[in-house]
Amino acid sequence: MNLKGKKLTAIFCLLCILSLMAAGCGAAAEEPAGSDAASSADTEGQEPSASSETGTEAPEEAQDSPEGRWHVLDPEVAAAIDADFSGTVWKMGEDAFYIAEEKTMLEEDGSIISSSPSSNAEIPDSDLIEVVFDEDTYFYMRTVQGDGASHEDTDAGFSDLEKGVSVELKGYFEKDVFHAEEIRIVKVS
């Protein structure tokens, strides 16, 4: 596929993702079927959520859901990028960081298409994913040359993370917090 075809495919995929986001697919945590908040929101035509005036997160029962809002990548996509989840660092904490999800898709020909939010986008904290790690978490930086045909890996650490950097993570979700076992910082040169 030539460069123009790849750009058109990427734009088409981005438009599809934006359309899904605008439609509200997956935008709010689901309430249990008998929930008062869910039924009152249904009658008012609103999505069930916590009050925006109080600045609180989703209701506690939604946070305690064993399924959670966020999930690791589809096994085929995860194998193709050698990661369980990917995102863009959006906010730094003292011992954790928060990412905006990157949408990653695998094309029929095996090529990978991913899209991340614009650095100018306003993403509410409720749409960010907290990433935690411990002293055993392996950090490294992957510098990808040009078209991605080659790369170089070097050791890195938490101090190498900064807003706007792309990360690919290995680990698991627990109550919508990603517990990282490996953090790959991706830079393209």
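A polar contact, as the term is used here, is a pair of N or O atoms within 3.5 Å, where, within protein, one atom must be able to donate a hydrogen and the other to accept it. In this predicted model, the side chains of Glu 102 and Ser 166 meet that description, with a polar contact of 2.9 Å between them.

Before following that residue further, it helps to set out the chain as a whole. The protein chain contains four helices and nine strands, and their order along the sequence is α-α-α-α-β-β-β-β-β-β-β-β-β, with the helices preceding the strands. Of its 189 residues, 31% count as buried, while the chain exposes about 12,000 Å², of which carbon and sulfur atoms supply 50%. Among contacts between residues at least 6 apart in sequence, 58% join residues that are at least 24 apart.

Within the run of strands, β6, which spans residues 138-145, has pairings with two others. With β9, residues 177-188, strand β6 pairs in the parallel sense over seven bridges, and within this pairing Phe 139 has Ile 183 of β9 as its bridge partner. With β7, residues 150-155, strand β6 runs antiparallel and is joined by six bridges, one partnership being that of Arg 142 with Asp 153 in β7. The strands β6 and β7 form a hairpin with four residues between them, and there Gly 146 takes a positive phi near 45 degrees.

A second hairpin is formed by β3 and β4, which have five residues between them, and Gly 110 in its turn has a positive phi of about 95 degrees. The two strands pair in the antiparallel sense over four bridges, β4 covering residues 112-115, and Lys 103 stands opposite Ser 115 in β4.

This leads back to Glu 102, which lies in the loop between β2 (96-101) and β3 (103-106). Which residues does Glu 102 touch, if those up to four places away in sequence are not counted? They are Ser 86, Gly 87, Thr 88, Ser 115, Ser 116 and Ser 166; of these, Ser 115 is also the residue that stands opposite Lys 103, and Ser 166 is the partner in the polar contact already described. What, then, is the charge environment of this buried residue? Glu 102 has no salt bridge, and the nearest side chain of opposite charge, that of Arg 184, is 9.7 Å away. Because a salt bridge requires a side-chain nitrogen of Lys or Arg within 4 Å of a carboxyl oxygen, Arg 184 at 9.7 Å does not qualify as a salt-bridge partner for Glu 102.

Note on methods
Residues numbered from 1 in each chain as written. Predicted model: local features only at pLDDT ≥ 70, side-chain atom pairs only at ≥ 80, totals over all residues. Heavy atoms only, no water. Buried < 20%, exposed > 50% of the residue type's maximum accessible area, 1.4 Å probe, protein only. Lys, Arg positive; Asp, Glu negative; His and termini not counted. Contact = heavy atoms within 4.5 Å. Areas by Shrake-Rupley, 256 points an atom, 1.4 Å probe, with all protein chains shown as cover. Pairing = 2+ DSSP bridges.
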